[in-house]
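Student: Could you take me on a close look at one part of this protein? I would like to see how a single helix sits among its surroundings, and I would enjoy one connected explanation.

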Amino acid sequence: MSDSLRAAAVQLQSGPNVAENLIEVSRWVWRAAELGARLVLLPENFAFFGDEATKRELAEDLQSGGPISECLARLAGELKITVIGGGFPERGPDPARPYNTSAVFTPEGTLGAYYRKVHLFDVDLPGGQTLRESDATSSGNRVVVTEVEGFRVGLSICYDLRFSELYKALSEQGAEVLTLPAAFTEQTGMAHWHVLLRARAIEWQCFVLAAGQWGQHGARRTFGHSLIVDPWG
């Protein structure tokens, strides 16, 4: 076990073309590894940011694999690092509502752990935009902590950030690092992104690793501002 863990948060502007997105993912994961990162976090929707019908078609079974998970497994294995795919569609019991899953791929190129987003983003935004993630996504029901090079790493996704009880549970399971891949909207990000990430770090005395989407994605605009916060906030 090392006494330190060099980590990278990759910020992307993903779109609806999976092949193009995965080229960008590969480019930046390689760059992070060249800079010495042993843990690389990708944002939510890193492989696909588009319509719900296509998302359902792209949903993968984590055990049998697919283009998205195979890309991450290959990167992790080739670079001998841990790669966390921040959130992508995983096939579940309801074909119309796949899970939004954060998957951890080990330096051996294998699936080490996975977390299905518990808190789904249903909100009416100022200006009239309505987002209902639960219409096309199933909710997970497990708290997940995994080990990366001797450090306990707790998994979460985007809207989870607003629910401190989840991070309490992760802390109780020994989490020292909290991962938060996200696609925060620009409006909510400007108001709450920095302050909530700092709050979670301070209240649970953990490092927080947050990777965000940025820019325009069809009708939706995301905030970016990926960051790493220490336990002092």
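Tutor: Happy to! Let us begin with the words: helices and strands here are DSSP runs, at least four residues for a helix and at least two for a strand, numbered from the N terminus. Please keep in mind that this is a predicted model. By that count, the protein chain holds five helices and 14 strands.

Before zooming in, here is the setting. The C-alpha trace of the protein chain spans about 50 × 35 × 30 Å along its principal axes. A compact globule of 233 residues would have a radius of gyration near 17 Å, and the protein chain agrees with that because its value is 16 Å. Buried residues make up 54% of the 233 in the protein chain. Take the contacts in the protein chain with a separation of 6 or more: 68% of them join residues 24 or more positions apart. On the outside, the protein chain exposes about 10,400 Å², with 52% of that supplied by carbon and sulfur atoms. As for charge, there are 21 positive and 28 negative side chains in the protein chain, and the centres of these two sets are 2 Å apart.

Now for our helix, α3. Helix α3 covers residues 67-79, which is 13 residues; at 1.5 Å a residue it should span 18 Å, and its end C-alpha atoms are indeed 18 Å apart, so the expected and modelled spans agree. Which of its residues are buried? In α3 they are I68, S69, C71, L72, A73, L75, A76, G77 and L79. Those buried residues pack against three elements: α1 (18-34), β3 (82-90) and β4 (99-105).

Let us follow the chain out of the helix. Just after α3 comes K80, with a positive phi of about 60 degrees. K80 belongs to the loop between α3 and β3, and its positive phi is found in a residue other than glycine.

Past that loop we meet T82, which lies in strand β3. Is T82 buried or exposed? The cut-off for buried is under 20% relative accessible area, and T82 counts as buried because its relative accessibility is 4%. Setting aside neighbours within four places in sequence, T82 is in contact with R38, L39, V40, V104, F105, P107 and V148.

The next stop is the loop between β4 and β5 (111-116), where T106 lies. At 14% relative accessibility, T106 counts as buried. Apart from neighbours within four places in sequence, T106 is in contact with A76, G77, I81 and G112. Two of these names should ring a bell: A76 and G77 are among the buried residues of α3.

T110 is found in the loop between β4 and β5 as well. With a relative accessible area of 41%, T110 is partly exposed, whereas T106 is buried. T110 is in contact with V104 and F105, leaving aside neighbours within four places in sequence. V104 and F105 also appear in the contact list of T82. As for T110 and T82 themselves, they are 28 residues apart along the chain, and their C-alpha atoms are separated by 9.7 Å.

To give you something to set beside this region, let us visit a few places later in the chain. K80 has a counterpart in Q205, which has a positive phi of about 50 degrees although it is not a glycine. Q205 sits in the loop between α5 (186-204) and β11 (207-212), and it counts as exposed because its relative accessibility is 52%. Another exposed residue is G218, at 67% relative accessibility, in the loop between β12 (214-217) and β13 (220-223). Although G218 and D51 are 167 residues apart in sequence, their C-alpha atoms are 9.2 Å apart in space.

Finally, look at L227 in strand β14 (residues 227-229). L227 is buried, with a relative accessible area of 18%. Not counting residues up to four places away in sequence, L227 touches W193, H194, L197, V208, L209 and A210. The C-alpha atoms of L227 and G212 are separated by 8.5 Å, with their positions 15 residues apart along the chain.

So what should you look for when you return to α3? Trace its buried residues to where they pack against α1, β3 and β4, then find T106 and its contacts with A76 and G77.

Conventions
Residues are numbered from 1 along each chain as its sequence is written. This is a predicted model: local features need pLDDT of at least 70, side-chain atom pairs count only at pLDDT 80 or more; totals for chains, interfaces and linings use all residues. Side-chain values use heavy atoms; hydrogens and water are left out. The radius of gyration is taken over C-alpha atoms; the globule rule is 2.2 Å times the number of residues to the power 0.38. Buried means under 20% relative accessible area, exposed over 50%, partly exposed in between (1.4 Å probe, protein chains only). Contact means heavy atoms within 4.5 Å. Accessible areas come from the Shrake-Rupley method with a 1.4 Å probe; for residues, only the protein chains shown count as cover. Lys and Arg count as positive and Asp and Glu as negative; His and the chain ends are not counted. The place of a charge is taken as NZ of Lys, CZ of Arg, CG of Asp or CD of Glu. The expected span of a helix is 1.5 Å times one less than its number of residues.
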